[in-house]
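Me: I am new to this structure and would like a close look at one part of it. Please say where that part lies and what marks its backbone, then describe the elements beside it and the side-chain pairs elsewhere in the chain.

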Amino acid sequence: ASSQGFEYVICKRSDCVRNKQLMWNESGDERTHMAISSLIKKYGSLDHVPESDMFACPKTAHWYSYDTLRNGNGPFPLNWLLVHVQPADTYKGKFVEDLSRHEKALSNTVKAVEEKLRHSMVLTAGLCLIFVVVGSLALGAISHLVTNPLKMIVKDMRSVARLEFDKIDQILRSDTKLAPARVSCCSVSSMGCNIREVAEMRETFANMTKGLRSFSRYMDPYVVQVLVQSRQQAQLGVAKAEATIFFSDIAGFTGIAETVEPPVLMELLSEYLETMSGIIMKHSGVVGEFIGDAIMAWWNVPWEFEDDGHTVAALVAALEQQQKLGELRQKWCRKGLPEVRARMGLARGSVLAGNIGSHNRMKYGLVGDSVNLASRLESLCKRYGVQTLVDDEARNASGVGTRFLLRPIDLVTVKGRTGTTELFELVACSTQVRGTPLQDMYDKFCADFAVVHQLFRARDFGGALDAVNVYLQLWPNDMPAQIMKTRCEALLATPPNEDWSPVENLTDK
């Protein structure tokens with residue numbers, strides 16, 4: 001077909017068969033020739049041309065569209081390729097208008113999409129930020145609820161591992177106060193405590209702490225602390241050490257026990273032992289044993305005093321115990337209970353300290369001559385009618401002479417020892433009475449009796465008797481002075497030999 005009419009596809013010339021249909025390459029129509037040439041160039045041959053298509057030819061400025069028309073391979077086969085050619089200018093105006101309209105619509109759509117996308121991005125970022133903040137807060141809260149109780153347990157475990165008994169008591173008080181029916185988490189949020197595993201861990205730890213605290217009450221807590229912190233298994237063994245040993249006993253306890261009802265007696269004894277042991281531990285002493293109403297304690301083992309002041313600490317504790325017992329005695333007497341007095345003996349010397357006993361059952365304790373001597377001194381308080389006796393080793397220890405008032409009581413050899421021991425009564429702490437009306441009395445009480453002993457040991461029995469008589473005028477009920485008077489009178493009545501010694505040989509414990 002041709003836009004110029006049939007003359008371009010039907011030959012009308014004289015040199016051709018009449019009304020002969022022209023082939024495409026015989027046509028003189030440039031556009032038809034260009035259209036078919038473009039199809040052949042594009043598809044290789046007309047046999048391979050698709051059924052329909054549309055394309056532009058920039059060279060001719062035309063648009064080409066085509067369709068195929070085929071009716072198969074019958075007796076009259078029809079195989080036409082219909083090409084429709086239109087100048088580009090035919091569509092240009094409307095096309096440009098449509099293109100402009102579409103470009104504008106596209107631009108508006110792009111802007112709207114970009115705006116929605118930007119809004120969505122902002123919204124998404126905000127939501128993500130909110131989720132992150134809320135999630136972080138939630139995770140932080142959960143972490144706090146879970147880890148805080150665990151941190152508290154770890155902190156308490158470290159205190160228990162170091163056997164810091166003040167902390168242990170605080171843990172036990174907190175658990176008892178905050179959760180009598182269930183273990184608390186020591187002031188941590190209740191939600192954290194409601195986590196079953198944390199609560200069970202806390203409960204198990206609390207039970208262990210209670211057991212350890214109960215165990216520590218069977219031994220001095222500081223000894224337990226040293227043993228645990230050594231990180232070694234307890235083994236039998238002792239080591240030589242310098243110590244100040246203390247023994248105390250309630251005077252006439254058997255008689256008191258016979259006159260007081262058992263519940264009242266136990267209440268009295270418990271208060272006495274708790275108060276006395278508390279004073280000992282306050283002054284860094286170790287309460288080794290309770291033997292009925294008796295107390296055994298010591299200083300300087302298993303840890304040593306830096307300034308060798310363990311004897312001073314022991315004497316301060318002994319005086320404070322006597323002072324506190326005086327207050328308790330008045331309280332008990334107001335309740336109609338018997339008078340309670342205690343005898344105390346202190347000795348300083350070398351001991352063997354460590355784990356003693358058997359492999360299956362052992363205890364931390366002391367053995368040695370000084371331990372036996374301290375026990376003897378406590379018993380000798382009854383003989384001399386005094387409250388507290390110390391030996392000459394304790395009397396001569398560093399700092400004792402300047403801080404305490406002591407008076408000599410006797411020179412003795414106690415049963416079981418061959419050496420001579422000088423006994424001193426612990427009278428008062430000089431720093432406490434200095435500048436008070438009691439200072440002169442205590443100074444005279446100690447110094448005048450020291451003169452009596454000087455005269456007696458120098459074999460001046462007459463001078464010693466005169467001095468002791470003067471002494472008894474001031475303190476008529478003083479038993480050591482009465483004993484000294486009796487000795488002087490006996491020696492004046494029967495003068496001793498030249499080998500006489502002022503040392504009293506004691507055969508009773």
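Reply: P302 is placed in the loop between β8 (294–299) and α9. In these names, helices (H or I, at least four residues) and strands (E, at least two) are DSSP runs, numbered from the N terminus. This is a predicted model, in which local features need pLDDT of at least 70 and side-chain atom pairs count only at pLDDT 80 or more, while totals for chains, interfaces and linings use all residues. Residues are numbered from 1 along each chain as its sequence is written, and side-chain values use heavy atoms, leaving out hydrogens and water.

The backbone of the loop comes first. A cis peptide bond joins V301 and P302, with omega at about 10°. D308 is placed in the loop between β8 and α9 as well. Phi of D308 is near 55°, a positive value in a residue other than glycine. Most residues other than glycine have a negative phi, and most peptide bonds are trans. With a relative accessible area of 32%, D308 is partly exposed; buried means under 20% relative accessible area, exposed over 50%, and partly exposed in between (1.4 Å probe, protein chains only).

A positive phi also occurs at S284, near 65°, again in a residue other than glycine. S284 lies in the loop between α8 and β7 (286–291). Its relative accessibility of 32% makes S284 partly exposed.

Which residues tie α9 to α8? One such pair is the salt bridge of K331 with E271, whose closest N and O atoms are 2.3 Å apart. K331 belongs to helix α9 (residues 310–334) and E271 to helix α8 (residues 262–282), so this pair ties together parts that are 60 residues apart in sequence. A salt bridge is a side-chain nitrogen of Lys or Arg within 4 Å of a carboxyl oxygen of Asp or Glu. Both partners are partly exposed, K331 at 26% relative accessibility and E271 at 23%.

A salt bridge also joins E320 and K282, with 2.4 Å between the closest N and O atoms. Here too the helices are α9 for E320 and α8 for K282, so the pair ties together parts that are 38 residues apart in sequence. E320 is partly exposed at 22% relative accessibility, whereas K282 is exposed at 54%.

The structure holds 17 salt bridges. One of them is between R407 and E425, with the closest N and O atoms 2.7 Å apart. This pair links distant parts of the chain, with R407 in strand β12 (residues 404–413) and E425 in strand β13 (residues 421–429), 18 residues apart. Unlike the exposed K282, R407 is buried, with a relative accessible area of 0%. E425 is buried at 12%. Elsewhere, R383, D410, R487 and E504 are joined into one network by salt bridges that share partners.

Another buried residue is V371, at 8% relative accessibility. V371 lies in helix α10 (residues 369–384). Leaving out residues up to four places away in sequence, V371 touches I245, F247, M296, V351 and L366, where contact means heavy atoms within 4.5 Å. V371 and S350 are 21 residues apart in sequence, and their C-alpha atoms are 9.0 Å apart in space.

Aromatic side chains pair up too: a search of the whole structure finds nine aromatic pairs. Among them, F445 and W475 are edge-to-face, at 5.1 Å centre to centre and 75° between the planes. F445 lies in helix α14 (residues 438–457) and W475 in the loop between α15 (461–474) and α16 (479–493), so the pair links distant parts of the chain, 30 residues apart. Rings of Phe, Tyr and Trp (its six-membered ring) pair if their centres lie within 6.5 Å; planes under 30 degrees apart count as stacked, over 60 as edge-to-face and the rest as tilted. Both residues are buried, F445 at 11% relative accessible area and W475 at 19%. Together with F449 and Y471, F445 and W475 form one aromatic cluster.

How confident is the predictor, and where does the pLDDT fall below 50? The mean pLDDT of the protein chain is 82, and 76% of its residues reach 70 or more. Over residues 178–192 the pLDDT is below 50, though this stretch has 34 contacts in the model beyond near neighbours in sequence. The pLDDT is the predictor's confidence in each residue, from 0 to 100.
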